[in-house]
Amino acid sequence: MNPTLSRENVIKYILLAAASFSVFIIFLIFIYLFQKSIPAFQELGWSILSREYSPASDRYGLGGAIAGSLLVTAGALTISYPLGIGGGIFLSEIAPVWVRRMLKPIIEVLAGIPSVIYGFLGAVLLVPFAYNAFDMLQGQSYFAGGIILGVMTLPIIISISDDSLKAVPRDVKDASLALGATRWTTTKKITFPAASSGIFAAATLGVGKAIGETMAVLMIISATTNAPMPWFDFFQAGPTLTALIAGHMGESAPGVARSALFAAGVFLFLIVGTLAIITDIMQQRVIKKFRGR
Amino acid sequence: MDDGGMTAVHRRLRSGIRQVQPSQIPSLVALLVSIAAAAVGFTALAKTIELDPVIAAGFFLVMGVLFVMEEIRLFLIDRRKSVRLLLYAITMLVLAYLVTGLPAVIDLRHLGFTAGLTRFIAISVGLILFGIIGGALAICAFHNFRPIGNQQGAYLVLLFCLFLVLYPLAVIIGEVVINGAPGLSWEFMTQDIRDLGTKGGALSGIVGTLLLIALIFLIAVPLGICAAIYLQEYAGKHFLTRIINTAVTVLRGVPSIVFGLFAFAVFEPIFGASFLTGGLILSVYALPMIIRASVEALKGIPDELREGSLALGASKWQTIRRVVLPPSLPGIITGVVLGVGEAAGETAPIMFFATLRLSRMPPNPLTDSITSLQTHLYTLFGMRGLGGAADKAARMQNAWSIALVLLIIILTMNIVALFIREKYRQEF
């Protein structure tokens with residue numbers, strides 16, 4: 001047999017093995033997570049969506065945690081979305097080249113700050129501040145968590161909205177300017193609408209990151225408290241899906257208690273997975289729109 | 001668009017100041033007062049200083065009066081009316097009156113919230129918000145509400161947005177450096193943690209985090225790059241590849257705590273609470289990011305290059321190794337280092353089985369129990385209430401220094417990654 005050809009095949013099968021192993025692990029996680037959550041869904045039925053989670057009294061409702069996750073995420077996006085998009089427009093459309101060259105890498109580097117550091121700073125600096133500024137029962141609250149998550153998602157949102165604004169071809173903008181529109185009118189009426197699907201992708205990515213964040217939420221909002229009454233009172237502490245898992249996994253008894261935590265994982269997974277697919281489609285759409293492919 | 005909007009604005013502003021009509025002075029003053037109001041409000045918020053309501057009332061009053069003058073000027077000279085300006089002027093005057101009567105705490109309890117809006121927050125945020133909007137409006141008025149005025153007003157607001165983005169990030173880095181640096185010493189770097197984190201250093205954590213980084217590089221990087229090469233270069237565009245790509249996309253977004261669940265329930269019973277378990281789960285966490293980045297880098301190489309090489313008689317693997325990989329390598333390396341850096345800073349996947357100290361030095365990654373800087377920081381934070389005041393302060397100092405060391409390690413990786421990308425970037 002031709003030696004080059006056999007070497008070719010060996011390499012191909014090595015690569016195939018690596019690919020199938022990676023994919024195998026990925027699917028293993030999917031399957032394992034869903035399989036482990038089945039007992040909880042079977043035994044609890046619809047009561048899995050009830051408000052209270054307390055292993056001591058055998059109640060494993062995840063509704064409070066889901067509401068908490070949504071509350072924190074909504075808070076985070078309220079802060080980071082307008083600011084991030086505003087900053088992104090400034091970076092891509094207004095700032096001189098050297099400012100953009102300097103700030104873009106800095107923002108990208110800052111996106112890598114470990115979440116435990118955000119959580120630590122939030123708990124040490126922001127929680128006392130929020131306590132004083134809003135006359136709360138305690139500073140630990142969805143409110144403080146939302147602010148920190150907002151700051152955490154800022155680099156991603158600004159970076160992606162800047163990228164998608166930059167992806168709008170120059171001739172489109174030039175045509176608008178040639179018609180006598182000001183730069184701002186061009187940005188507002190031409191560039192921004194053209195980049196809108198990319199900017200929407202920034203939002204879904206931000207939601208995914210905020211809803212899946214564990215450490216910052218765990219350190220700022222105490223994990224083991226019950227959901228607040230009424231559910232929208234974001235000045236109180238309460239569970240989120242991620243903090244619920246992190247706070248209860250260590251001492252959970254095997255059985256329904258543990259299975260309920262896996263069910264929480266399934267909920268997280270479904271939310272974030274859907275968002276990831278939407279983001280992907282949106283980003284592909286931006287590329288297709290302007291690269292003509 | 002790239003030729004420097006700011007310099008253009010600056011030049012125009014400078015020539016503008018020389019040509020200011022006397023009648024435009026109120027709007028210029030209004031701009032300065034508005035920005036001063038925003039600056040004062042921001043300083044108060046950042047430094048937690050309670051502002052006297054009279055100061056805020058003064059700002060609002062001056063802004064209101066100036067905007068009324070501006071409205072009159074517009075009407076007398078240009079025979080025009082601006083509803084925006086008039087409404088804003090009236091709002092300012094009403095606010096100036098209301099602010100003086102503001103109670104110390106506006107109770108929100110009857111709405112169902114267990115909190116109140118303090119005067120401190122209301123005044124600072126109000127000054128910032130109305131200052132910036134007023135500034136934008138003053139610029140519009142300065143330009144007699146021509147489109148160029150709208151543009152510069154909008155630029156002011158956007159610049160402020162960028163400032164609000166950068167400020168908290170600067171505060172985070174600044175606080176960690178300022179509070180962490182005094183604790184960095186030879187002793188801190190070379191001793192192990194003792195007495196519930198009040199004494200000793202972070203040696204275990206530093207060694208642990210570096211070991212984790214090495215393990216992720218060893219496990220995830222070859223696997224991820226090989227998988228990416230197969231997916232992009234060998235696998236055709238059929239149904240299965242699309243499923244795999246979707247799975248990679250979804251897994252990239254999966255929260256880190258889900259990996260923690262998986263590690264706790266699957267890996268730990270098999271491999272124990274060892275570095276191997278931690279390295280494995282963090283590798284699985286990093287895998288989608290690495291595959292994704294590598295696939296993107298390989299996609300950037302045009303098909304013409306591949307076809308040219310194949311047409312010259314090179315085999316598939318020769319083409320990949322000699323033609324496709326070299327130009328895509330910077331992109332792959334950047335993606336890989338960013339992915340490993342993100343995974344190595346994660347706490348949630350390993351928090352359920354991490355310990356505080358290494359059992360021996362150097363550790364055996366296959367059997368010794370896992371520890372890392374990030375789990376140290378989390379554990380120290382969890383113990384923050386223990387002991388007397390001196391103990392608490394010492395533990396806090398240690399926590400800050402650990403945060404600083406962790407930040408330095410992770411940010412160095414990110415900086416190296418971006419440096420490689422900027423330096424060797426090739427476009428086709």
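**Exercise 1. Contacts along chain A**

Take the contacts in chain A between residues at least 6 apart in sequence, and find what share join residues at least 24 apart.

*Solution.* The share is 76%. Keep in mind that this is a predicted model. Next, list the secondary structure of chain A. There are eleven helices and two strands. Read from the N terminus, the order is α-β-β-α-α-α-α-α-α-α-α-α-α. Then take the dimensions. Along the principal axes, the C-alpha atoms of chain A fill a box of roughly 75 × 70 × 35 Å. Last, count burial: of the 293 residues in chain A, 56% are buried.

**Exercise 2. A helix of chain A**

Compare the reach of helix α8 of chain A with the span expected for it, then state how well the helix is covered.

*Solution.* Start with the bounds. Helix α8 of chain A covers residues 196-212, which is 17 residues. From first C-alpha to last, α8(A) reaches 24 Å. The expected value, at 1.5 Å a residue, is 24 Å, so the two are close. Now check the cover. In α8(A), 14 of the 17 residues are buried, and the helix is mostly covered.

**Exercise 3. The surroundings of V72(A)**

Decide whether V72(A) is buried or exposed, and name the residues in contact with it.

*Solution.* First, locate the residue. V72(A) sits in helix α2 of chain A, residues 63-94. Second, count neighbours. V72(A) has 33 C-beta neighbours inside 10 Å. The cut-off for burial is 20 or more, so V72(A) is buried. Third, list contacts, setting aside neighbours within four places in sequence. They are Y142(A), G145(A), G146(A), L149(A), A210(A), V217(A) and T240(A). Fourth, try a distance. V72(A) and A144(A) are 72 residues apart along the chain, yet their C-alpha atoms are separated by 8.8 Å.

**Exercise 4. The build of chain B**

Work out whether chain B is spread out or a compact globule.

*Solution.* Begin with the elements: chain B has 15 helices and four strands. The radius of gyration of chain B is 30 Å. For 428 residues the globule rule gives 22 Å. The value for chain B is well over that, so chain B is more spread out than a compact globule. Now add the dimensions. The C-alpha trace of chain B spans about 80 × 75 × 45 Å along its principal axes. Then the domains. The assignment gives domain 1 (5-178) and domain 2 (186-424). Their C-alpha centres lie 45 Å apart. Buried residues make up 46% of chain B.

**Exercise 5. The largest nonpolar core**

Find where the largest nonpolar core lies with respect to the domains of chain B.

*Solution.* The core has 228 residues. L377(B) and A403(B) have the most contacts inside it. Domain 1 and domain 2 of chain B both give residues to this core, so it lies between them. Look at L377(B) in detail, leaving out residues up to four places away in sequence. L377(B) touches A399(B), I402(B), A403(B) and L406(B), and it also touches V116(A) and F120(A).

**Exercise 6. Helix α5 of chain B and the loop after it**

Contrast the burial of L127(B) with that of N144(B) and F145(B).

*Solution.* L127(B) is in helix α5 of chain B, residues 119-142. L127(B) has 28 C-beta neighbours inside 10 Å and counts as buried. Its contacts beyond four places in sequence are A37(B), A38(B), V40(B), G41(B), A56(B) and F59(B). Now move to the loop between α5 and α6, where N144(B) lies. F145(B) lies there too. N144(B) has 16 other C-beta atoms within 10 Å and is partly exposed. F145(B) has 18 and is also partly exposed. Check the backbone next. Most residues other than glycine have a negative phi. Phi of N144(B) is positive, near 55 degrees. Phi of F145(B) is positive as well, near 60 degrees.

**Exercise 7. Where the chains meet**

Describe the side of chain B that touches chain A: its count, its main helix and its classes.

*Solution.* Count first: 89 residues of chain B are in contact with 85 residues of chain A. Find the largest share. Helix α6 of chain B, residues 147-180, gives 18 residues to this side of chain B. Sort by class: this side has 63 nonpolar, 21 polar and five charged residues.

Key. Residues are numbered from 1 along each chain as its sequence is written. Chains are lettered from A and ligands numbered from 1 in the order in which they are written. This is a predicted model: local features need pLDDT of at least 70, side-chain atom pairs count only at pLDDT 80 or more; totals for chains, interfaces and linings use all residues. Two residues are in contact if their C-beta atoms, placed from the backbone, lie within 7 Å. Ala, Val, Leu, Ile, Met, Phe, Trp, Tyr, Cys and Pro count as nonpolar, Asp, Glu, Lys and Arg as charged, and the others, Gly among them, as polar. The radius of gyration is taken over C-alpha atoms; the globule rule is 2.2 Å times the number of residues to the power 0.38. A residue is buried if 20 or more other C-beta atoms lie within 10 Å of its own, exposed if 12 or fewer, and partly exposed in between; C-beta atoms are placed from the backbone. A nonpolar core is a set of buried Ala, Val, Leu, Ile, Met, Phe, Trp, Tyr and Cys residues joined through C-beta atoms within 7 Å. Domain bounds come from an automatic or database domain assignment.
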